[in-house]
Amino acid sequence: MADYTSNLASSRPRPDGMGKVTGALNYFTDLQFPNMLYGKVLRSEHPHAKIQQLNIEKAEQLPGVLAVITSKDVPGLNGFGLITQDQPVFCDQVVRYVGDAVAAVAAITPEIAERAIKRIEVTYEPLPIMDDPESAMNPDSTPLHSGGNILHEASYENGDVDEGFPLCDVIIEETYLLPRQMHAYMETEGGVFVPERDGRLSVYAGTQHGYKDRLQLARILNLSEERIRVISSPMGGSFGGKDELNIQPYGAILALKTGRPVKIHQSRRESMISGIKKHPMKITMKTGAKKTGEIVAHEVRIIADTGAYATLGPAVLDFAVEHAIGPYVIPNVKTKGYAVFTNNGVAGEFRGFGGNQITFALEGQIDRLADDLHMSPLKLRKKNLRQGTDPGPVGQMIAPTNGDSLVLDEITQSPLLALDKRDSDNPWKKTGVGVALTMHGGGLGFGRMDPSGGKISLNHEGKIEIAFGFEEVGQGLLAVIENITTEAIGCSSEDLHIVIGDTDKVPHSGSSTASRGTSMIWHSLQRLKGPFKEKLLDTAAKRSGYQKEQLCVGEKGIWLNGQRILTFEQLFLENEPISIDTKFDFPTTPNSIPGGHFLYSFAAVAVKVEVDLITGAIKVTDIDQAVSAGPVVNPNGYIGQIEGGTIMALGYTLLEEAAMQQSRYTTENFDTYILPTIQDIPPKMNVRAIEDLWEGDMYGPRGVGEIGTVALAPAIVRAIYDATGHWVTKLPVSREEILHAREMVF
Amino acid sequence: MRILETTVSSPTTIDEAWTMWKSYEEPITFIAGGTFLQTKWEKGVAVPSKMLHLGDVLEYKQIYMDTERQIHIGSFVKLAECKNHPLIAKTLPQLSQTIEKIAAPAVRNLGTIGGNIANCVGDTIPLLLALDAEILYLNKEGRQRIDLQDWFEITECSIILEVIITLDDEEKSYLFTKKIGRREAFSASVVTLAGKLTVKGNQLCKVRIAAGGGETQPSRLRNVENILQHDQIIDSNVLKRVYQALMTEYQPVEDVFYSSNYRLKVASNLLISELEKWRGEYGGLYK
């Protein structure tokens, strides 16, 4: 049997590892300041209602309460949103979801703040609830926003599906339903807002993009951006959930109004109700192939429930439309997608960014086609795979790559796929295996401002200071910066001083999102290393008298023929600063396709599942994966991202759903929103990294933050079919459905 | 900084607790580990203004076997202590297994066996019912001893002091307990089923089956027990009748996550699979 084990060696512990696993690290929500107040936000009782009256008097009268604020207290724009600022800081007329903010208080204790919130009197007139995107799309439906309920439409067409389908021998038509997943970061949204003596405001709150928070807060507070300092790393997880503003506007306004530091830290329940989620989608696909296995036509309709406000809903839909044919070549394609406003919370950025939903449907189609064609799923995939220099999935020019073919070949080696499934002697258990493939675009895509950059300098302590505007959200950013910088410069990790997460100190690098961090750090260093080393060596030559060409940068200083002749500290001179910065854009496709990507990563996953016929529960017992994302920067971080992403996908497939009834959450805490624990995950997962890139590829390592989350769900569903003969179309997989499908007959 | 707005009395002896309790005119909330109440408060149930805390009571914190092979588990024994106790591990490993499936280690370090029973939906209850456990409790009149199943029928307030389990003599018995949660660990129960089949000579002399799960108060399934005991030989016909009896006798409470129909199916599948296992192990004992 083929051998399939992880090919990633263990690397040194990440710089922030110990503090995080021991709990010694202080997060911003752990901070205490003298005279600090506690803020709390009053959120709507109704998913959709008119605010008739709002009376804060009784709350203001409560001893210990220092401020009660409403829409009247917003100094600038009463709205936020990464692209469109359509979400009110405070609602004053209408509430559109159960998390909409109506008022906030600051008090001397959290208990008094809590009591004050209860004393705010709001009279609502409930309005009809839009809890179904398809009804909301109906032109007769009550519009939630002035532009109607369709936030965004996106489409792609190539060839003619109406001509393609008649040529097909097999046509599969299926509708797939994807759930609302919660990011479930360990640290709920929170932070401390501190008015400084010089009139500036310091914001200590985790985010994926400090500068963007600063911009959004400046608009709301009617302050110039320079008067706000955002300190934003580290934080206890984000997964896309904290790229958008959350509690920052309330903390900032309360701090400015009271002149005192204000802490807000949401409870899990508050986080659940107010926080953004992954888009629930209903995806209908019709896919046809010839007897030979050649896929001829593919028609896709996507309805995304984007909830009450825009945030990144349009971009997520664009991403899903782009990835609707994945790595396959299909001559006739018609994809149409809608992001629709409803009163169901707010959906937005989430690790995978629409890729999880569309890939579940696409790979489901491929598997069903394979089954109907009596062809091996691997063979069918291989047959329809794009070639290295083929265009991308929406016909755009992309960096040449055969990553899809490489991961498919690699996963073919997985012994799981050669499994004899009659190996179980327990009549109550059935086993099955499945495989799936995906590709995932990195960066924001065509037409979206996607600048990045970094800065490197020698500081007065003789440390090489490397600064980025990226955030440590738990992904292992510091280890990536450390590895790339030490390799590029030739210094040791002890020589480095890494600066991130502070708008007073870091350059603009763009958001820590879209699997772009690792890639952009590598690109920055490619640009920074030459000029920086040049400057170091110039200075060293001047200082030492040796020929510059004889010198090299090494550990702890400048070296000549195996001997260190100067330390970095000795190189530093106050009046001759050595500092280089760089600014550039994420590489993008030249074709004008909104959100179209240029760089892709690839993954193939093989799984083995055990179906319990007593309960209908699915246990994933083995996961093998192959990932193609360029050179590995930090092996531990790579494994962490792939395995972590996979487990997030396991939860998505089998357990997690932020369920709603009548636009209200039925899962309000972790006792009902079920995340996988260590007992739900396979004891061993194998990750094989394929580091080869297309010949001449100049784009270096791609990020792996998302790719691990995409292909697992369809692989599991295929394995369930293998075990039971039942095709699942709705996630998370319902145990009740499995039992129903396999009804025991006595 | 949290400000507790509840008056808590913490007696150190059970007599002191009893005296305090009798002095209250209105009903009072008893608390030991507090883990069950915490889940209620987290869901928005108001924290009572007065509580009688039993966690500091020094008595009823031990596990021992008396001369009549009866195991006494003090009500205030922590779930984790009970699980790890050598006597339990040796004589009732199924109880250890059941406790291991309750919540998470931190909860088991706080929660008590008495509390798990007193909350009326605890995961240990089906197994204790299958074991014919008895309860020693305190009401305003004094100490009383009663079958666990009958204790649930009592409407007056009481403090559980001990759970008492009588070990079998030389009989061959098959004891099983299964908890199905929403995931592998740290989950509330969807279905919990326990049973005990005792063979004496060539006869299936005693059958106990009990089921609970979620908000369903666990109870014995007497019709199921009667069919099994009456028919002795468990063939597919009997299984069919067992299945039908279970469908009428077990009435699981549903929630938005699992229907009662699903819970019924799971309970019957569990029972059938356990009976199959039992038949495999002990079926040859009698014909």
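# A walk through a predicted two-chain model

Let us begin with a small piece of chain B: an open sheet of three strands in the order 1-3-2, with parallel pairing. Strand 1 (7-9) and strand 2 (29-31) of chain B are its edges, and each has a single partner strand, so one side of each has no neighbour in the sheet. On average, neighbouring strands here are turned by 30° against each other, direction ignored. Please keep in mind that this is a predicted model. To see the pairing for yourself, look at strand 2 and strand 3 (residues 50-53) of chain B, which are joined in the parallel sense over three bridges. Within that pair, Phe30(B) stands opposite Leu52(B) of strand 3.

Now let us step back to chain B as a whole. Its domain assignment gives domain 1 (7-53), domain 2 (63-166) and domain 3 (172-285). The centres of domain 1 and domain 3 of chain B, taken over C-alpha atoms, are separated by 35 Å.

Next comes strand 8 (residues 159-166) of chain B. Is this strand mostly covered, or mostly open? Seven of its eight residues are buried, so to speak under cover. Strand 5 (residues 70-74) of chain B pairs with strand 8 of chain B in the antiparallel sense over five bridges. One place to find this pairing is Gln70(B), whose bridge partner in strand 8 is Thr166(B). Strand 6 (residues 134-139) of chain B also runs antiparallel to strand 8 of chain B, and five bridges join the two. Here Tyr137(B) has Ile160(B) as its bridge partner.

From chain B we can cross over to chain A. Where the chains meet, 20 residues of chain A are in contact with 25 residues of chain B. On the chain A side, the residues that touch chain B divide into nine nonpolar, seven polar and four charged.

Chain A has its own domain assignment: domain 1 (31-127 + 185-238 + 242-274), domain 2 (281-445 + 591-741) and domain 3 (451-585). Between the centres of domain 2 and domain 3 of chain A, taken over C-alpha atoms, there are 38 Å. The contact between these two domains takes 19 residues from domain 2 of chain A and 15 residues from domain 3 of chain A. Which helix gives the largest share of the domain 2 side? That is helix 16 (residues 635-654) of chain A, with three residues. Sorted by character, the residues of the domain 2 side that touch domain 3 of chain A are six nonpolar, 10 polar and three charged.

Another sheet is worth finding in chain A. It is an open sheet of four strands in the order 19-18-17-23, with mixed pairing. Strand 19 (496-499) and strand 23 (579-585) of chain A are the edge strands, each pairing on one side only. From one strand to the next, the twist averages 15°. Strand 17 (residues 451-458) of chain A runs antiparallel to strand 23 of chain A, with seven bridges joining them. If you pick out Lys455(A), you will find its bridge partner Asp581(A) in strand 23 of chain A. Helices accompany this sheet. Helix 14 (residues 517-544) of chain A packs on the sheet and touches strand 17 and strand 23 of chain A, its direction making about 145° with that of strand 23 of chain A. Helix 13 (residues 477-489) of chain A lies across strand 18 (464-467) and strand 19 of chain A, and runs at about 135° to strand 19 of chain A.

Let us now look inside. The largest nonpolar core has 247 residues, and the members that touch the most others are Val407(A), Val605(A), Val607(A), Val627(A) and Ile716(A). Strand 24 (residues 599-612) of chain A gives the most to this core, with 10 residues. Apart from this core lies another, of 57 residues, among them Ala49(A), Ala107(A), Phe193(A) and Val203(A). Returning to Val607(A), its contacts beyond four places in sequence include Leu416(A), Val433(A), Ile623(A), Leu712(A) and Ala719(A).

We finish with Glu163(A), which has its place in helix 5 (residues 161-164) of chain A. Is Glu163(A) buried or exposed? Glu163(A) is exposed, because 12 other C-beta atoms lie within 10 Å, and a residue counts as exposed at 12 or fewer. Glu163(A) and Val296(A) are 133 residues apart in sequence, while 9.5 Å separate them in space, C-alpha to C-alpha.

Notes. Residues numbered from 1 in each chain as written. Chains lettered and ligands numbered in written order. Predicted model: local features only at pLDDT ≥ 70, side-chain atom pairs only at ≥ 80, totals over all residues. Contact = placed C-beta atoms within 7 Å. Nonpolar A, V, L, I, M, F, W, Y, C, P; charged D, E, K, R; others polar. Core = buried A, V, L, I, M, F, W, Y, C linked by C-beta atoms within 7 Å. Buried ≥ 20, exposed ≤ 12 C-beta atoms within 10 Å, placed from the backbone. Pairing = 2+ DSSP bridges. Axes fitted to C-alpha atoms, helices over the stretch in contact; angles between N-to-C directions. Domains from an automatic or database assignment.
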